[in-house]
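Student: I've just opened this one and don't know my way around yet. Can you walk me through it?

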Amino acid sequence: MSVPPGRAAAEQIPALREVGIDQKLDAKIPLDVVFTDETGKDVTVGTYFGSRPVILALVYYECPMLCTQVLNGLVGSLEALKFTAAQEFDVLVVSFDPGETPAIAADRKKTFLRRYGRPGVEGSVHFLTGREASIKTLADAVGFRYAYDRETDQYAHPAAITVLTPDARVSRYLYGIDFAPRDLRLALVEAAGNRIGTVLDQALLFCYHYDPETGTYGFVIMNVVRLAAGATVLALGATIFFSLRRERRLRRRAEAAAPGTR
């Protein structure tokens, strides 16, 4: 009796066919969708928008591996930033498993805050649960596609965070489980409409370009060349100006010192 061949290595797992990110840059998420926060209180998504950019992480709290890594990567990146929650941004973590409870969310928030370790940020870090319809509406709005696998009793899902503007528009996606602090900082500066950050951040945004396919910021050599060329022109202009000024000054002194002049 012949043994049936196994699955080809290149064959995609069925559940993963439905998983991914459909980028919806500048799309506005619905603000009236209702969730439950970690205290058990019903809240709308709009509660968390208005004044600062929001970092959105769609995960499920009892995920055995990937979601924990996403949250660890996020808090690790936040630890390295000078920006602080409640001042420059808010964090919104939402479970896409409708079976999870506020008690689980509260426990995960406690762990997140313990590692983040900055005082006074509790009111700007939110862990939510919700009904399936609300979860689906929010996930669809940001293009986050996930699927439940009955065989493993787990969810298949992408690893990413979404940075949203204060008026709840999709600004940037950052992929993976390890988010470069520089990328997250630049994404927050852009999402805030340059109302946070320093002059150096503005210069970095000129030199680094967001690549939507990779979800990272890459060095743009032509912008640097233009910046260097502009700086060179300014330096040459300044040199010529001060040289001419010095030459005129020396000429006047020479004329004043010449015999027969007053």
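Tutor: Let's start with a word we'll use a lot: a residue is buried when its relative accessible area is under 20%, exposed when it is over 50%, and partly exposed in between, using a 1.4 Å probe and protein chains only. Also, this is a predicted model, in which local features need pLDDT of at least 70 and side-chain atom pairs count only at pLDDT 80 or more, while totals for chains, interfaces and linings use all residues. Numbering runs from 1 along each chain as its sequence is written, and side-chain values use heavy atoms, with hydrogens and water left out.

Student: Okay. Which residues of α4 are buried?

Tutor: D183, L184, R185, L186, A187, L188, V189 and A191. The name α4 comes from DSSP runs, numbered from the N terminus: helices are H or I with at least four residues, strands are E with at least two.

Student: And why is α4 described as largely enclosed?

Tutor: Because eight of its 11 residues are buried, the rest of the structure largely encloses α4.

Student: What comes after α4?

Tutor: G193 follows α4, and its phi is positive, near 65°.

Student: Switching to strands. In what order do they sit in the open sheet?

Tutor: The order is β6-β5-β4-β10-β11, five strands with mixed pairing. Two strands count as a pair if DSSP finds at least two bridges between them.

Student: Which strands stand at the edges?

Tutor: β6 (125-128) and β11 (170-175) do. Each has a single partner strand, so one side of each has no neighbour in the sheet.

Student: Is β11 largely enclosed or left open, then?

Tutor: Largely enclosed by the rest of the structure, because five of its six residues are buried.

Student: How do β10 and β11 pair?

Tutor: In the antiparallel sense, over five bridges. One of the matches is I161 with L174 of β11 as its bridge partner. The hairpin made by β10 and β11 has five residues between the strands, and A168 there takes a positive phi near 70°.

Student: What about β4 and β10?

Tutor: Also antiparallel: β4 covers residues 54-59, β10 covers residues 160-164, and three bridges join them. Within that pair, I55 stands opposite V163 of β10.

Student: Where do the side chains point along a strand?

Tutor: In a regular strand they alternate between the two faces of the sheet.

Student: I clicked on H126. Where is it?

Tutor: H126 belongs to strand β6. Its relative accessibility is 11%, so H126 counts as buried.

Student: What does H126 touch?

Tutor: Leaving out residues up to four places away in sequence, H126 touches E38, Y48, D90, V91, L92 and V93 (contact means heavy atoms within 4.5 Å). V93 is 33 residues away along the chain, and the C-alpha atoms of the two are separated by 6.0 Å.

Student: New topic, empty space. How many cavities of 30 Å³ or more turn up?

Tutor: One, from a search of the whole structure. On a 1 Å grid over the protein atoms alone, a cavity is a set of points where a 1.4 Å probe fits but cannot get out; a pocket is an open set with protein on both sides within 12 Å along at least five of seven lines; and lining residues have an atom within 4 Å of a point.

Student: How much space is in the largest cavity, and what lines it?

Tutor: About 30 Å³, where volume is the space filled by probe spheres set on grid points joined across faces, edges and corners. I21, L56, A57, L58, F144, A160, I161 and T162 line that cavity, with β4 and β10 each supplying at least two residues.

Student: And what volume does the largest pocket have?

Tutor: About 240 Å³. Its lining is E18, F96, P98, E132, K136, D140, F144, R145, Y146, A147, Y148 and Y155.

Student: Which elements supply at least two residues of that pocket lining?

Tutor: α3 (132-142), β7 (144-145) and β8 (147-149). Helix α3 gives the most, with three residues.

Student: Last thing: what is the phi of A86, and where is A86 found?

Tutor: A86 has a positive phi of about 85°, although it is not a glycine. A86 sits in the loop between α1 (66-80) and β5, and with a relative accessible area of 28% it is partly exposed.

Student: And what about D153: buried or exposed?

Tutor: Exposed, at 53% relative accessibility. D153 is in the loop between β8 and β9 (154-156), and D153 has a positive phi of about 55° without being a glycine.
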